[in-house]
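The following exercises are to be worked with the sequence and the model side by side. Each task is followed by a solution that goes step by step.

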Amino acid sequence: MAVTRTFSIIKPDATRRNLTGAVTKMLEDAGLRVVASKRIHMSREQAEGFYAVHKERPFFGELVDFMISGPVVVQVLEGENAMQANRDIMGATNPKDAAPGTIRKELAESIEANTVHGSDSDENAAIEIAYFFKPEEIVG
Ligand code: RTP
Ligand code: MG
């Protein structure tokens, strides 16, 4: 299997509870390497652009409000089939449905305050990485 990259966000519910390290430890223990990381407070425009794919969904407004409610940590993760490895350790979108040992089962508060974002395809990973990082900010 190939070494690939994916994009992750540690969401505001996690930074508020000082869980940046706890989330990162779970990612690293799952075989992923953090090759870029920065803590930012997204603007409304930045969050709306990032989630443009969801703009017709009923939860879009609340999702954007939540994602700008506090700082987030945007990261590039590298590893064997990184997109799928990250989705696996994240767990289901709703923590009530997430498997034991996943980040969302162990740490998330609700379907909205669900601690992490992860790209859902290699194609979207490339788009999402480029949305937040310049090539020289990623050190593999
Ligand atoms: P993410 O994009 O954050 O990695 O999560 P995901 O793929 O598991 O879920 P997605 O369907 O892409 O939804 C994006 C985020 O929107 C919030 N959401 N709220 N209130 C709701 O019914 C609802 N559904 C989704 C979640 O924060 C989800 O992560
Ligand atoms: Mg998604």
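**Exercise 1. Accessibility of Phe59**

Is Phe59 buried, partly exposed or exposed?

*Solution.* The model is a predicted one.
Step 1. Locate the residue: Phe59 sits in the loop that joins helix 3 to helix 4 (60–67).
Step 2. Take its relative accessibility, which is 33%.
Step 3. Apply the cut-offs: buried means under 20% and exposed means over 50%, with partly exposed in between. Phe59 therefore counts as partly exposed.

**Exercise 2. The largest pocket and its lining**

Describe the largest pocket by its volume, the residues that line it and the elements that supply them.

*Solution.* Step 1. Rolling a probe the size of a water molecule over the atoms reveals where empty space is left. For the largest pocket this space amounts to about 620 Å³.
Step 2. The lining consists of 25 residues, and those nearest the centre of the pocket are Tyr51, His54, Phe59, Leu63 and His117.
Step 3. Two or more lining residues come from each of helix 3 (44–50), helix 5 (82–90), strand 4 (116–118) and helix 7 (122–132). Helix 7 provides the largest share, with four residues.
Step 4. Sorted by character, the lining of the largest pocket holds eleven nonpolar, seven polar and seven charged residues.

**Exercise 3. Comparing the record with the pocket**

Which residues does UniProt list under "binding site", and which of this set belong to the lining of the largest pocket?

*Solution.* Step 1. In an unreviewed entry, UniProt assigns the feature "binding site" to Lys11, Phe59, Arg87, Thr93, Arg104 and Asn114.
Step 2. From this set, Lys11, Phe59, Arg87, Thr93, Arg104 and Asn114 are found in the lining of the largest pocket.
Step 3. Consider Asn114, which lies in the loop between helix 6 (103–107) and strand 4. Its relative accessible area is 2%, so Asn114 is buried.
Step 4. Leaving out residues up to four places away in sequence, Asn114 touches Lys11, Asp13, Thr93, Arg104 and Ala108.

**Exercise 4. Surroundings of Leu63**

Determine where Leu63 lies and which residues it touches.

*Solution.* Step 1. Leu63 belongs to helix 4. With a relative accessible area of 8%, Leu63 is buried.
Step 2. Its contacts, not counting residues up to four places away in sequence, are Tyr51, His54 and Glu112.
Step 3. For Leu63 and Tyr51, the separation in sequence is twelve residues, and the C-alpha atoms are 8.6 Å apart.
Step 4. Relate this to the pocket: Leu63, Tyr51 and His54 are among the residues that lie nearest the centre of the largest pocket.

**Exercise 5. Aromatic pairs**

How many aromatic pairs does the structure hold, and why is the pair of Phe50 and Phe132 classed as it is?

*Solution.* Step 1. The structure contains six aromatic pairs.
Step 2. A pair of rings is described by the distance between the centres and the angle between the planes. For Phe50 and Phe132, the ring centres are 5.6 Å apart and the planes stand at 55 degrees, so this pair is tilted.
Step 3. The pair joins distant parts of the chain, since Phe50 is in helix 3 and Phe132 is in helix 7, 82 residues apart. Both Phe50 and Phe132 are buried.
Step 4. The rings of Tyr131 and Phe132 have centres 5.0 Å apart and planes at 75 degrees; this pair is therefore edge-to-face.
Step 5. Compare the accessibilities: Tyr131 is partly exposed at 36%, whereas Phe132 is buried at 7%.
Step 6. Ring pairs connect Phe7, Phe50, Tyr51, Tyr131 and Phe132 into a cluster.

**Exercise 6. Two buried residues in different settings**

For Ile10 and then for Thr102, establish the location, the burial and the contacts.

*Solution.* Step 1. Ile10 lies in strand 1 (residues 3–10). Because its relative accessible area is 0%, Ile10 is buried.
Step 2. Beyond its neighbours within four places in sequence, Ile10 is in contact with Thr15, Thr20, Val23, Thr24, Val72, Val73, Gln75 and Thr115. Ile10 and Thr115 are 105 residues apart along the chain, yet their C-alpha atoms are separated by 5.9 Å.
Step 3. Thr102 lies in the loop between helix 5 and helix 6, and is buried at a relative accessible area of 7%.
Step 4. Not counting residues up to four places away in sequence, Thr102 touches Met26, Asp88, Ile89, Met90 and Gly91.

How values were computed:
Residues are numbered from 1 along each chain as its sequence is written. Chains are lettered from A and ligands numbered from 1 in the order in which they are written. This is a predicted model: local features need pLDDT of at least 70, side-chain atom pairs count only at pLDDT 80 or more; totals for chains, interfaces and linings use all residues. Side-chain values use heavy atoms; hydrogens and water are left out. On a 1 Å grid over the protein atoms alone, a cavity is a set of points where a 1.4 Å probe fits but cannot get out, and a pocket is an open set with protein on both sides within 12 Å along at least five of seven lines; lining residues have an atom within 4 Å of a point. Grid points are joined across faces, edges and corners, and a volume is the space filled by probe spheres set on the points. Ala, Val, Leu, Ile, Met, Phe, Trp, Tyr, Cys and Pro count as nonpolar, Asp, Glu, Lys and Arg as charged, and the others, Gly among them, as polar. UniProt positions are given in the numbering used here, feature names are shortened, and annotations may be inferred rather than shown by experiment. Buried means under 20% relative accessible area, exposed over 50%, partly exposed in between (1.4 Å probe, protein chains only). Contact means heavy atoms within 4.5 Å. Rings of Phe, Tyr and Trp (its six-membered ring) pair if their centres lie within 6.5 Å; planes under 30 degrees apart count as stacked, over 60 as edge-to-face and the rest as tilted.
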